[in-house]
Amino acid sequence: GCDTVLDLAGFDLAVHDVLIEPGVTFEITDSAATRAAAGTFAVDVSDVDDAVGVVTSDASLVVSGTAHLDVVAGGVTGWLTGGTGIGGYSDASGTHAFTDRAVVSIDAATAMRGGSGSEATTSGQARLEATVATVFAGVLTSSIGAGTELVLAPRPDQSDVTLYAHASARS
């Protein structure tokens, strides 16, 4: 697979789901000067229970510039079950980086999920908006940088938001 950079250049693009191949980096960016002029990359898997909107198993997702990424995932609302906005499966690692003035909005049971070695970072003036039950789940190292806006709201059927949840099994 090849690393890919998609510059929205102020335009919107809507897709059902995204699968980033292992070992590949997919960057969504926008060269627009302001957030207001930036385009939106919309992913909507709300029609499939327990789906992942952007699959990053052993792959990387970068949202940069002034790009907007909106992900909607459906399903039940437990942190071990239900739709996940961005991430891999519990046995896979992946990286998620939101930089510059990017805006990432996620409406799902879990915003980001990962396996051992997974990372989620925000930096610059990035904004993460999440209407979720859980923001980070699984074995996921997260770093929310200075200047980042983190806006959390519970899903309509929830009374609160869990920032980080992890489960492990021992035999």
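A salt bridge is a side-chain nitrogen of Lys or Arg within 4 Å of a carboxyl oxygen of Asp or Glu. Side chains of opposite charge can pair when their charged atoms come close. Keep that in mind as we walk through this predicted model. The structure holds three salt bridges.

Start with the overall picture. The protein has 171 residues. DSSP runs give 16 strands and zero helices. Buried residues make up 46% of the protein. About 7800 Å² of surface is exposed, and carbon and sulfur atoms supply 52% of that area. Now take the contacts with a separation of 6 or more. Of these, 69% are between residues 24 or more positions apart.

Next, look at the salt bridges one by one. Arg35 pairs with Glu149, and their closest N and O atoms are 3.5 Å apart. This bridge links distant parts of the chain. Arg35 sits in the loop between S4 and S5, while Glu149 belongs to strand S15, residues 149-154. The two are 114 residues apart. How accessible are these partners? Arg35 has 25% relative accessibility, so it counts as partly exposed. Glu149 has a relative accessible area of 33%, and it is partly exposed too.

Move on to Arg127. This residue forms a salt bridge with Glu129, with 2.4 Å between the closest N and O atoms. Arg127 is partly exposed because its relative accessibility is 21%, and buried would need a value under 20%. Glu129 is partly exposed as well, at 25%.

Which other residue does the side chain of Arg127 meet in a salt bridge? The partner is Glu149, at 2.5 Å from N to O. This pair also links distant parts of the chain. Arg127 lies in strand S13, residues 127-132, and Glu149 in strand S15, 22 residues apart. Put the bridges together and a network appears. Salt bridges that share partners join Arg35, Arg127, Glu129 and Glu149 into one network.

Now turn from charges to rings. The count comes to one aromatic pair. Phe26 and Phe41 form it, with ring centres 6.0 Å apart. Their planes meet at 65°. Why is the pair called edge-to-face? An angle over 60 degrees counts as edge-to-face, so 65° qualifies. Where do the two rings sit in the chain? Phe26 is in strand S4, residues 25-29, and Phe41 is in strand S5, residues 40-49. The pair therefore ties together parts that are 15 residues apart in sequence. Are these two residues buried or exposed? Both Phe26 and Phe41 are buried.

Stay in strand S5 for one last stop. Thr40 lies there. Its relative accessibility is 19%, so Thr40 counts as buried. The cut-off for buried is under 20%. Which residues does Thr40 touch, leaving out those up to four places away in sequence? They are Leu8, Phe11, Asp12, Leu13, His68 and Asp70.

How values were computed. Residues are numbered from 1 along each chain as its sequence is written. This is a predicted model: local features need pLDDT of at least 70, side-chain atom pairs count only at pLDDT 80 or more; totals for chains, interfaces and linings use all residues. Side-chain values use heavy atoms; hydrogens and water are left out. Rings of Phe, Tyr and Trp (its six-membered ring) pair if their centres lie within 6.5 Å; planes under 30 degrees apart count as stacked, over 60 as edge-to-face and the rest as tilted. Helices (H or I, at least four residues) and strands (E, at least two) are DSSP runs, numbered from the N terminus. Buried means under 20% relative accessible area, exposed over 50%, partly exposed in between (1.4 Å probe, protein chains only). Contact means heavy atoms within 4.5 Å. Accessible areas come from the Shrake-Rupley method with a 1.4 Å probe; for residues, only the protein chains shown count as cover.
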